[in-house]
Amino acid sequence: MKIIETPLPGCLIIEPAVFGDERGCFYETWNAERYRQHGLPSSFVQSNASSSVRGVLRGLHYQWPHPQGKLVSVMSGEVFDVAVDIRKGSPTFGQWTSVLLSAENKRQFWIPEGFAHGFMATSEHAVFTYLCTDLYNSATDSNIAWDDPEIGIEWPDIAPSLSAKDARAPRLRDVSDTQLPVFSA
Ligand SMILES: Cc1cn([C@H]2C[C@H](O)[C@@H](COP(=O)(O)OP(=O)(O)O[C@H]3O[C@@H](C)C(=O)[C@@H](O)[C@H]3O)O2)c(=O)[nH]c1=O
């Protein structure tokens, strides 16, 4: 297993050890002890999957309170995945980082609590799976505009297809401080 740090401290790209043979391949998608050694939590409480066609953009999503850390990956196809630091007081507040996740590269992306997350499907079809450190809470589920100019994410050059909720998400600057996660060193 290889860990790749990103420009946002805490957000990690993980390359699992893949064991290939004549049948196909095998790899661990999570192992409490091994992932804990790299600073990930040793338990998750929810596992999700979504399916998207090319151009579908989900995000940017976060929960506050009841933040969710997410260990995300792709089982079929490819996505452009993004984390944004939205923790008030963080030295990297408002900054983003991205990674291409695909069934082929088998990369995982660890997005800690306090970050907003989103992705765009870049293949004809993509199946996205993720583990979460807290349960989904519709009352505190929140979003920020995917195209907030002050965040400035450089999305793939594909016309985005958004949910109605994501299409009317506020800019980060218009979200009150009480509705944002707080940075703790
Ligand atoms: C996320 C979620 C949604 N739902 C329901 C609510 C709604 O009726 C339907 C679709 O919800 P959404 O439109 O929010 O689904 P989606 O846009 O896929 O939301 C996801 O986006 C990515 C970027 C994330 O980071 C995730 O944490 C999550 O927010 O599924 C659950 O029951 N449990 C959940 O955990």
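How many bridges join E7 to E12, and in which sense do the two strands run? There are 6 bridges, and E7 and E12 run antiparallel. Keep in mind that this is a predicted model. One pair in this ladder is easy to find: Lys70 stands opposite Cys132 in E12.

Strand E12 has another partner. E5 and E12 pair in the antiparallel sense, over 8 bridges. Here the bridge partner of Asn48 is Tyr130 in E12.

Now go to the start of the chain. Strand E1 covers residues 2–5 and is joined to E2 by 4 bridges. These two strands run antiparallel. Lys2 has Glu15 in E2 as its bridge partner. Together E1 and E2 form a hairpin, with 6 residues between them. Gly10 sits in the turn and has a positive phi of about 100 degrees.

Next comes an open sheet. It has 5 strands in the order E9-E8-E11-E6-E13, and the pairing is antiparallel. The edge strands are E9 and E13, and each pairs on one side only. Neighbouring strands of this sheet are turned by 30 degrees against each other on average, direction ignored. Look inside the sheet at E6 and E11. They are joined by 3 bridges. Arg58 has Phe119 in E11 as its bridge partner.

Both of those residues lead to the ligand. Arg58 and Phe119 are among the residues that surround the ligand. Others in this shell include Asn48, Gly59, His61, Lys70, Tyr136 and Ser163. Which strands each supply at least two residues of the shell? They are E5, E6 and E11. By class, the shell has 2 nonpolar, 7 polar and 2 charged residues.

The nonpolar residues have their own meeting place. In soluble globular proteins, nonpolar side chains tend to be buried together. In this model, the largest nonpolar core has 40 residues. Val79, Val84, Trp110 and Phe115 touch the most other members. Many strands contribute: E2, E6, E7, E8, E9, E10, E11 and E12 each give two or more residues to this core. Take Trp110 as an example. Leaving aside residues up to four places away in sequence, Trp110 touches Cys11, Leu12, Ile14, Leu40 and Leu71.

Some backbone details deserve a look. Gly59, part of the ligand shell, is joined to Leu60 by a cis peptide bond, with omega of about 0 degrees. Leu60 lies in strand E6. A second cis bond runs from Trp64 to Pro65, with omega near -5 degrees. Pro65 is in the loop between E6 and E7. His66 lies in that loop too. The phi of His66 is near 65 degrees, a positive value in a residue other than glycine. Is His66 buried, exposed or partly exposed? It is partly exposed, because 14 other C-beta atoms lie within 10 Å.

Lys106 also has a positive phi, about 60 degrees, although it is not a glycine. Lys106 lies in the loop between E9 and E10. It has 18 C-beta neighbours inside 10 Å, so Lys106 counts as partly exposed.

Finish at Ser123, in the loop between E11 and E12. Ser123 counts as partly exposed because it has 17 C-beta neighbours inside 10 Å. Not counting residues up to four places away in sequence, Ser123 touches Arg54, Gly77 and Glu78. Ser123 and Phe80 are 43 residues apart along the chain, and their C-alpha atoms are separated by 9.7 Å.

How values were computed:
Residues numbered from 1 in each chain as written. Predicted model: local features only at pLDDT ≥ 70, side-chain atom pairs only at ≥ 80, totals over all residues. Near = placed C-beta within 6 Å. Nonpolar A, V, L, I, M, F, W, Y, C, P; charged D, E, K, R; others polar. Core = buried A, V, L, I, M, F, W, Y, C linked by C-beta atoms within 7 Å. Buried ≥ 20, exposed ≤ 12 C-beta atoms within 10 Å, placed from the backbone. Contact = placed C-beta atoms within 7 Å. Pairing = 2+ DSSP bridges. Axes fitted to C-alpha atoms, helices over the stretch in contact; angles between N-to-C directions.
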